[in-house]
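Biologist: I should like a close look at a single part of this model, namely the place where two of its chains meet, together with the charged pairs found in the assembly. Please explain it in terms that a first-year student can follow.

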Protein chains: 4
Amino acid sequence: MSEPARAEIEVEVRYAETDQMGVVHHANYPVWFELARTALCRRSGFDYATIEENGHLLMVTRCAVEYRAGARYGDTVTVNACIRRMQSRTINFEYEVWREEELLATGSTDHVWISRSTSRPCRIPEYLREPFSQLAGC
Amino acid sequence: MSEPARAEIEVEVRYAETDQMGVVHHANYPVWFELARTALCRRSGFDYATIEENGHLLMVTRCAVEYRAGARYGDTVTVNACIRRMQSRTINFEYEVWREEELLATGSTDHVWISRSTSRPCRIPEYLREPFSQLAGC
Amino acid sequence: MSEPARAEIEVEVRYAETDQMGVVHHANYPVWFELARTALCRRSGFDYATIEENGHLLMVTRCAVEYRAGARYGDTVTVNACIRRMQSRTINFEYEVWREEELLATGSTDHVWISRSTSRPCRIPEYLREPFSQLAGC
Amino acid sequence: MSEPARAEIEVEVRYAETDQMGVVHHANYPVWFELARTALCRRSGFDYATIEENGHLLMVTRCAVEYRAGARYGDTVTVNACIRRMQSRTINFEYEVWREEELLATGSTDHVWISRSTSRPCRIPEYLREPFSQLAGC
């Protein structure tokens with residue numbers, strides 16, 4: 001078992017993401033996590049957009065964020081994602097948001113695989129088992 | 001030909017809608033317009049959600065907003081919508097946003113009817129012709 | 001010690017809140033929580049907008065959501081909020097999102113009081129101590 | 001008088017930006033415009049974040065978008081911005097959104113310079129007159 005793969009993206013803070021406190025509103029961090037998760041999935045060799053077209057969804061069942069310092073308009077932050085746990089039907093991702101050397105926020109999301117045809121939980125699609133296990137480092 | 005029907009809704013400004021200027025970010029007004037448009041459609045006797053399920057979409061082809069004064073967190077604004085023009089394949093809506101006696105913004109949107117099965121423009125569905133004509137006051 | 005006060009609001013799902021999965025995108029729930037929290041604060045006799053003007057902020061330090069079923073465009077959901085724990089410098093709120101008899105999501109947020117003049121953590125402002133203690137049921 | 005400068009950015013469509021129609025919700029385009037406008041301002045030698053800190057705002061007074069085709073999750077679009085007209089107190093920007101060779105949307109925004117200290121309209125700050133005139137190609 002090796003280290004999980006970690007995808008890292010840069011996000012330029014949008015003016016629309018700030019609130020009257022002068023920092024990024026906290027509800028935007030899950031959206032940034034999703035961008036990093038998309039980048040991580042891409043490393044499996046399959047875009048998440050393609051995975052959906054192929055008939056499976058990774059539905060979010062839990063999302064948590066801890067905030068340490070606020071990102072500001074003018075900042076470009078780095079967001080990274082990795083798979084922390086993976087089971088046959090579920091995946092747990094972890095995230096970090098950095099502004100240079102400062103950790104602004106951490107978070108995690110739980111997901112369950114859903115079959116689009118039945119709208120019901122299912123096992124990870126066979127063709128993704130190996131690539132996602134590699135991402136997870138297991 | 002009579003006056004067009006006007007639907008009016010109340011919207012409580014959300015903290016997340018403000019930006020660091022201390023007012024509602026301008027990109028939120030089209031979202032409020034949509035709430036008022038939904039309320040107006042409901043007056044036809046058919047929820048827009050049902051219209052979509054029945055197989056038709058009102059796709060936005062143009063959206064314009066003029067801003068006079070900023071809405072603020074703590075405000076509850078009134079948003080109204082009416083149909084300004086209606087043709088066999090298109091509809092034009094107009095909107096106003098008020099804070100008590102003060103007009104904060106006006107706007108308009110153009111839409112084209114789309115058939116979900118073909119994803120192509122089409123005529124207004126037959127069952128909506130009469131109710132929407134009444135809304136339009138024509 | 002009595003039961004904490006629970007504020008309840010109705011939220012009409014916005015089309016813009018849905019995503020291509022056909023349900024409300026998960027990042028919108030913290031925004032709904034905030035609306036319910038605003039309603040709860042109002043019960044203290046002080047609007048949160050006024051509390052900010054008076055020089056204090058309730059900064060979010062943690063936010064968590066558990067999702068059970070997706071809200072859809074066409075739904076009007078009920079969101080409630082209560083104070084679960086309160087200390088001299090921090091507050092923890094809990095939330096529920098219901099669609100009639102169906103619990104769609106639960107969540108919680110942690111906050112710290114911030115003085116706007118210093119931008120630093122502080123104790124709950126004196127004038128809010130008693131009203132917020134009553135909300136918390138302690 | 002030469003051609004106006006045109007800033008171009010790439011935007012990866014976010015899942016949260018899609019709606020149940022399967023395309024990017026129309027209210028997100030003004031947010032993308034803002035990213036391109038920020039990139040254009042940067043070419044003046046002054047970040048818009050710095051311009052605000054220095055005491056001036058470019059308040060939006062009008063925003064219009066025309067939609068030709070929908071951007072989708074999985075797309076990376078190109079958004080460009082240029083100054084179309086500039087007067088002592090106002091600026092008009094124009095925008096285009098492209099997906100490879102396909103023009104998805106066009107738009108424009110009007111802005112007025114606001115002094116933060118007075119919250120009132122004012123002339124373009126002296127230090128920006130020359131750099132912005134160059135951007136405008138006049």
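Modeller: A residue is called buried when its relative accessible area is under 20%, exposed when that value is over 50%, and partly exposed in between. The model is a predicted one, and the account below begins with the interface of chain D and chain B.

In this interface, 20 residues of chain D are in contact with 20 residues of chain B. The area buried between the two chains is about 1700 Å², and carbon and sulfur atoms give 61% of that area. On the side of chain D, the residues that lose the most area to chain B are Met21(D), His26(D) and Tyr67(D), which together account for 30% of what that side buries. Two elements of chain D, α1 (29–42) and β2 (56–67), each supply at least two residues of the side that touches chain B. The element that gives the most is β2(D), with 10 residues. Sorted by class, this side of chain D has 11 nonpolar, four polar and five charged residues.

Strand pairing also links these two chains. Strand β2 (residues 56–67) of chain B pairs with β2(D) in the antiparallel sense over five bridges. Within β2(D), Cys63(D) stands opposite Val65(B). Eight residue pairs are in polar contact between chain D and chain B, whereas zero salt bridges are found across this interface.

Salt bridges do occur elsewhere. Side chains of opposite charge can pair when their charged atoms come close. Over all chains, the count comes to 40 salt bridges. One of them is formed by Arg14(D) and Glu17(A), whose closest N and O atoms are 2.7 Å apart. Arg14(D) lies in the loop between β1 (6–12) and α1 of chain D, and Glu17(A) lies in the loop between β1 (6–12) and α1 (29–42) of chain A, so the pair joins two chains. Arg14(D) counts as buried because its relative accessibility is 7%, and Glu17(A) is buried as well, with a relative accessible area of 4%.

A salt bridge within chain D joins the side chains of Glu34(D) and Arg37(D), at 3.2 Å from N to O. These residues are three apart in helix α1 of chain D and are therefore separated by about one helical turn. Glu34(D) is buried at 9% relative accessibility, and Arg37(D) is buried at 7%. In addition, salt bridges that share partners join Glu12(A), Arg42(D) and Asp47(D) into one network.

In chain C, the side chains of Arg42(C) and Asp47(C) meet in a salt bridge of 3.3 Å, N to O. Here Arg42(C) is partly exposed at 39% relative accessibility, and Asp47(C) is partly exposed at 35%.

How values were computed:
Residues numbered from 1 in each chain as written. Chains lettered and ligands numbered in written order. Predicted model: local features only at pLDDT ≥ 70, side-chain atom pairs only at ≥ 80, totals over all residues. Heavy atoms only, no water. Contact = heavy atoms within 4.5 Å. Buried area = accessible area lost by both parts, 1.4 Å probe. Salt bridge = Lys/Arg side-chain N within 4 Å of Asp/Glu carboxyl O. Polar contact = N/O pair within 3.5 Å; in protein donor to acceptor, adjacent residues only side chain to side chain. Helix = DSSP H or I, 4+ residues; strand = E, 2+ residues; numbered from the N terminus. Nonpolar A, V, L, I, M, F, W, Y, C, P; charged D, E, K, R; others polar. Pairing = 2+ DSSP bridges. Buried < 20%, exposed > 50% of the residue type's maximum accessible area, 1.4 Å probe, protein only.
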